[in-house]
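I set aside this session for a few look-ups in one model and kept notes as I went. The entries follow in the order in which I made them.

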Amino acid sequence: AYSLGERLMKVAVGGGGPQQIGHNSSGAVGLVAWGQGDLIVFDGGSSYGSEGASLVQLSATGKEAPRLITKVDEAHGELLHTLPSILPGNRAVLFTTLLKGGSRIEALDLRTLERKVLVQGGAHSTFVEPGYLLFWRPPAPALIAVRFDPERLEVLGPEVSVLAPVATGPDMNAKISVSRNGTLVYGYSREGGAALLSGLSNFEYG
């Protein structure tokens, strides 16, 4: 899945033409998360009836109507919900809430739509097997790992810095991508800004 102007698109890696599966009137689609099956979550809420940049759940096949799954609470200083990451089994999605005074990492139960704050001051989180949360804590350009229970949606242990420096952006996006087997690809930057792609294999907590 990828963005093309105001359109959210998909294309088969085995070949074939692209298809539109969603849209964003702002033309600024953030990180798109594709879970198991046809579940997609992205931060295009303002194009689907939300007053702010909240999260939308889409079907990659178009069999189900899009639905808003979060709502930006401007009265409590929230600016946008972004950078979704879907947990194994499609049970919940991790996301970053950008605030007037910082950021936080939350988990959203996709069955009940209940939200739970996981890390105050954190941003751009992703789950790493067998049970770790990997994230960035601005402004330091470093990745942090902490033990995490994906079933109970709970942070369990102390935070450990595992990699630095990592390229980051003003949109709270650390330049990282992690595979299911723990291989991490990241943007390397001495100052945490522009990136040169590098890689780290077999990431292990601690």
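**Entry 1, an open sheet.** In what order do the four strands of the open sheet run, and is the pairing parallel or antiparallel? Working on a predicted model, I read the order as S4-S5-S6-S7, with antiparallel pairing. I noted strand S4 (33-34) and strand S7 (67-68) as the edge strands, each of which pairs on one side only. I then followed strand S6, residues 56-59, which pairs with S7 in the antiparallel sense over two bridges, and I found that Val56 has Leu68 in S7 as its bridge partner.

**Entry 2, Thr82.** I looked up Thr82 next and placed it in strand S8, which covers residues 78-86. Its relative accessibility is 8%, and because buried means under 20%, Thr82 counts as buried. Leaving aside neighbours within four places in sequence, I listed Asp43, Leu55, Phe95 and Thr96 as the residues in contact with Thr82. With Asp43 there is also a polar contact between the side chains, at 2.6 Å. I checked Thr97 as well, which lies 15 residues from Thr82 along the chain, and the C-alpha atoms of the two are separated by 6.5 Å.

**Entry 3, backbone angles.** Two residues that are not glycines caught my attention for a positive phi: Leu83, at about 55 degrees, and His124, at about 50 degrees. Leu83 lies in strand S8 and is buried, with a relative accessible area of 3%, while His124 is found in strand S12 and is likewise buried, at 4%.

I also looked at cis peptide bonds, and recorded one from Glu129 to Pro130 with omega near 5 degrees, where Pro130 is found in the loop between S12 and S13. Another cis bond joins Ala164 and Pro165, with omega about -5 degrees, and Pro165 lies in the loop between strand S16 (160-163) and strand S17 (176-178).

**Entry 4, nonpolar cores.** Which residues of the largest nonpolar core touch the most other members? Of its 15 residues, I wrote down Leu134, Leu143, Leu163, Val166, Ile176, Leu184 and Tyr186. The elements that give two or more residues to this core are strand S12 (123-128), strand S13 (132-136), strand S14 (143-149) and strand S18 (184-188), and of the contributors S13 gives the most, with three residues. I closed with a second, separate core of 14 residues, which includes Ala92, Leu133, Phe148 and Leu153.

How values were computed
Residues numbered from 1 in each chain as written. Predicted model: local features only at pLDDT ≥ 70, side-chain atom pairs only at ≥ 80, totals over all residues. Heavy atoms only, no water. Buried < 20%, exposed > 50% of the residue type's maximum accessible area, 1.4 Å probe, protein only. Contact = heavy atoms within 4.5 Å. Polar contact = N/O pair within 3.5 Å; in protein donor to acceptor, adjacent residues only side chain to side chain. Core = buried A, V, L, I, M, F, W, Y, C linked by side-chain atoms within 4.5 Å. Pairing = 2+ DSSP bridges.
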